Amino acid sequence: MVAVDPIRRILIVGFMASGKTSVGQELANLLEWKFHDFDSIIEDRTGITISEIFCRDGEEHFRKLESDLALELFQEEQVVLSSGGGWPSRPGNWECVPDGTLSIWLRVSPEVAVKRASSGGPTRPMLAGEDPLGSAIKLLEQREDLYGRAQITLNSDNCYTSNLATKIMNIVIDQKDQE
């Protein structure tokens, strides 16, 4: 029998508005684990919004903040982590994911992502411009292979947060049963 690495943390990746934060929070509650959202922590620490960071310092600066934060948070155990939508696209980030991390890609269509993202107020920096859907399609095409490096893919287009969180929790429970 092959030894299975116990799951010590869960990393949720996916495009903006795929449900990473809401599913992550729900999952952390179900597992009675901590929850950390990369974007929220960066905003708390910098005192400005992600949009302001993009405008003031540029995307590359923001991506470095994400990468540094991930390295810090990967030291924790019994934690659910919600990455920023672009985190997987920075070279070297996937290689820093430690053993014992279950990675989940919440897959969302560009149409659903734009609809969800635009219903929440100001446009997200990566969708600013005249053609948000075109931008979303292009970004998803660029990132799809990177998101696909996650161990598990779940479609979030038509699935409730609680259903997705329960599916992931069941994966964790099944894995614990195999240890």
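These are my notebook entries on two loop residues and the nonpolar cores of this predicted model.

I worked from a predicted model in which local features need pLDDT of at least 70 and side-chain atom pairs count only at pLDDT 80 or more, while totals for chains, interfaces and linings use all residues. Residues are numbered from 1 along each chain as its sequence is written, and side-chain values use heavy atoms, with hydrogens and water left out.

**Backbone entries**

I looked up Ala-17 and found a positive phi of about 65°, although this residue is not a glycine. Ala-17 sits in the loop between β1 (9-13) and α1 (20-31), where helices (H or I, at least four residues) and strands (E, at least two) are DSSP runs numbered from the N terminus. I noted Ala-17 as buried because its relative accessibility is 13%, the cut-offs being under 20% relative accessible area for buried, over 50% for exposed and partly exposed in between (1.4 Å probe, protein chains only).

I then turned to Glu-32, also not a glycine, which has a positive phi of about 60° and lies in the loop between α1 and β2 (34-37). Glu-32 is exposed, with a relative accessible area of 72%.

**Core entries**

I looked up the largest nonpolar core (buried Ala, Val, Leu, Ile, Met, Phe, Trp, Tyr and Cys residues joined through side-chain atoms within 4.5 Å). This core has 30 residues, of which Leu-11, Val-13, Phe-15, Phe-38 and Trp-87 touch the most other members. The elements giving it two or more residues include β1, α4 (59-73) and α6 (132-147). Apart from it lies another core of 18 residues, among them Ile-7 and Ile-104.
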